[in-house]
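Student: I would like a close look at a single part of this model, the metal site. Please take it step by step, and then move on to some residues elsewhere in the chain.

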Amino acid sequence: MTKQVAILGSTGSIGVNTLDVIRAHPDRFKVVALTAGKQVERLAEQCIEFQPEIAVVTEVQDAARLEKFLLAKGLRTKVLYGPQALVTAVTESGCDTVMAAIVGAAGLVPTLAAAQAGKRVLLANKEALVMSGNLFMQAMQRGGGELLPIDSEHNAIFQCLPNGFAKVPQSSLGVEELWLTASGGPFRDTPLEQLAGITPAQACAHPNWVMGKKISVDSATMMNKGLEVIEAFWLFGLPLEKIKVLIHPQSVVHSMVRYRDGSVLAQMGQPDMRTPIAYGLSWPERVDAGVAPLNLAQLAALSFAEPDLARFPCLSLAFAAAKAGGTSPAILNAANEIAVAAFLDEGLPYLQIAKVVEQVLNAIPSSNADSLETILSVDAQARKLAQDFICKH
Ligand code: NAD
Ligand code: MG
């Protein structure tokens, strides 16, 4: 049966890769909703090609422009705008599958809506899970849909765990540890004294992956891996101390599971997000993702090392927030989003990103993250505080 797919964040890096996989399999996947923040032109092109029922942008003026353009092309796509319309795209487009690929906290509410509505959720938006792990996993359970991780590390671990692992008692699986691999980003070997002068362009030039700007900066600071540790904690239900980070500069092994009997299972592949996206879309089957085959004989070597926490203070901050639990991961995430945006705007030096996050984490006590209202209010508080610290900087 053809899957009806809604893509939240279709104009971003994950969104475009998702459409690339879908384009190659029109018999399997139909696009029913596309959403974007501000990139109206790109969304218009996507609408013309994929003819969704619903298209969403953030601003009313952009919606009017898009609607006029699509009408002139004879399209009947319903054009909506604003945060609530993202939820409508999930609940009223007739989709059964939702690619959650909006970056940051902006993706939280529609991603939760997809969970509640029992959709197959393809989760790329790790920030949503970091903010609301408990609520989100409960919503998935109540909704009864399937949760497929798209982040390459979590997709790899998902592939290395037995099918239906969530329904098997943890103790009988024999999982000892999850090893999340990390490339170490563009500054893995940069002399520490040079880090102060890093520019946004340098931070966004990832050695192995082509991604959106925010996650590229997160990869440079390794906040990304910290967020991924928290993501793995919620997705796989293992204690934090069983989730390890390993530097692996080649990005060929996407992550691993170590079992009690001595086995370590790894998933390998090209650093190309179309592999995890195709797996999420077609699971439990596999389809051609358009990805070049991996040629291990051509790779000189695969290497692994422990991360250097002095070089990557954001990783330590994320571990601390994960350990504190409650609203701490949401506070960490909000402060990081603001600090990264300021850095990308050239309003904050690179090394101050970790400092801002640390100050905000220290200033707001952790509390129970038991309702969406609490999470959104702490998110707003942390953003404001981060902004204040940046202004004083
Ligand atoms: P991106 O910046 O390229 O794209 C983000 C998308 O979200 C765009 O379509 C943008 O228009 C939309 N958007 C942004 N702000 C919005 C708002 N306020 N309201 C509505 N829409 C908004 O980002 P990306 O690299 O595609 O990453 C998307 C998500 O996937 C992130 O959470 C990221 O951590 C995760 N992820 C990405 C990769 C990757 O390879 N790019 C890998 C793993 C996980
Ligand atoms: Mg990842």
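Tutor: This is a predicted model, and the description below should be read with that in mind.

The magnesium ion (ligand 2) is held by three carboxylate residues: Asp-151 through OD, and Glu-153 and Glu-228 through OE. The coordination distances run from 2.1 to 2.2 Å. Along the chain, the donors of the magnesium ion (ligand 2) are spaced as D-x1-E-x74-E. Asp-151 sits in the loop between strand S7 (147-149) and helix H7 (152-160), while Glu-228 belongs to helix H11 (residues 223-236), so this pair ties together parts that are 77 residues apart in sequence. Both Asp-151 and Glu-228 are buried.

Asp-218 is another acidic residue to consider, and its place is in helix H10 (residues 213-221). Asp-218 has a relative accessibility of 1% and therefore counts as buried, the cut-off being under 20%. Leaving aside residues up to four places away in sequence, Asp-218 touches Met-223, Asn-224, Leu-227, Asn-336 and Val-340. With one of these, Asn-336, Asp-218 also forms a side-chain to side-chain polar contact of 3.0 Å. As for Ser-251, the C-alpha atoms of Asp-218 and Ser-251 are 16 Å apart in space, and the two residues are separated by 33 residues in sequence.

Next comes a basic residue. Arg-383 is part of helix H16 (residues 372-392). The relative accessibility of Arg-383 is 19%, so with a limit of under 20% this residue still counts as buried. The side chain of Arg-383 makes a polar contact of 2.9 Å with the side chain of Asp-379. Beyond residues up to four places away in sequence, Arg-383 touches Ala-105, Ala-334, Glu-337 and Ile-338.

The last stop is on the surface. Met-268, Leu-294, Leu-296, Leu-299, Leu-302 and Phe-304 make a nonpolar surface patch of about 450 Å². One of its members, Leu-302, lies in the loop that runs between helix H12 (274-282) and helix H13 (313-324). Leu-302 has a relative accessible area of 31% and is therefore classed as partly exposed. That value also fits the patch criterion, which asks for over 30% relative accessible area.

To return to the metal site: the magnesium ion (ligand 2) is coordinated by Asp-151, Glu-153 and Glu-228, and of these residues Asp-151 and Glu-228 are buried.

Technical notes:
Residues numbered from 1 in each chain as written. Chains lettered and ligands numbered in written order. Predicted model: local features only at pLDDT ≥ 70, side-chain atom pairs only at ≥ 80, totals over all residues. Heavy atoms only, no water. Donors = N, O, S within 2.8 Å, 3.2 Å for Na, K, Ca; no water. Helix = DSSP H or I, 4+ residues; strand = E, 2+ residues; numbered from the N terminus. Buried < 20%, exposed > 50% of the residue type's maximum accessible area, 1.4 Å probe, protein only. Polar contact = N/O pair within 3.5 Å; in protein donor to acceptor, adjacent residues only side chain to side chain. Contact = heavy atoms within 4.5 Å. Patch = residues over 30% accessible without salt bridge, like charges linked within 9 Å, V, L, I, M, F, W, Y side chains within 5 Å. Areas by Shrake-Rupley, 256 points an atom, 1.4 Å probe, with all protein chains shown as cover. Salt bridge = Lys/Arg side-chain N within 4 Å of Asp/Glu carboxyl O.
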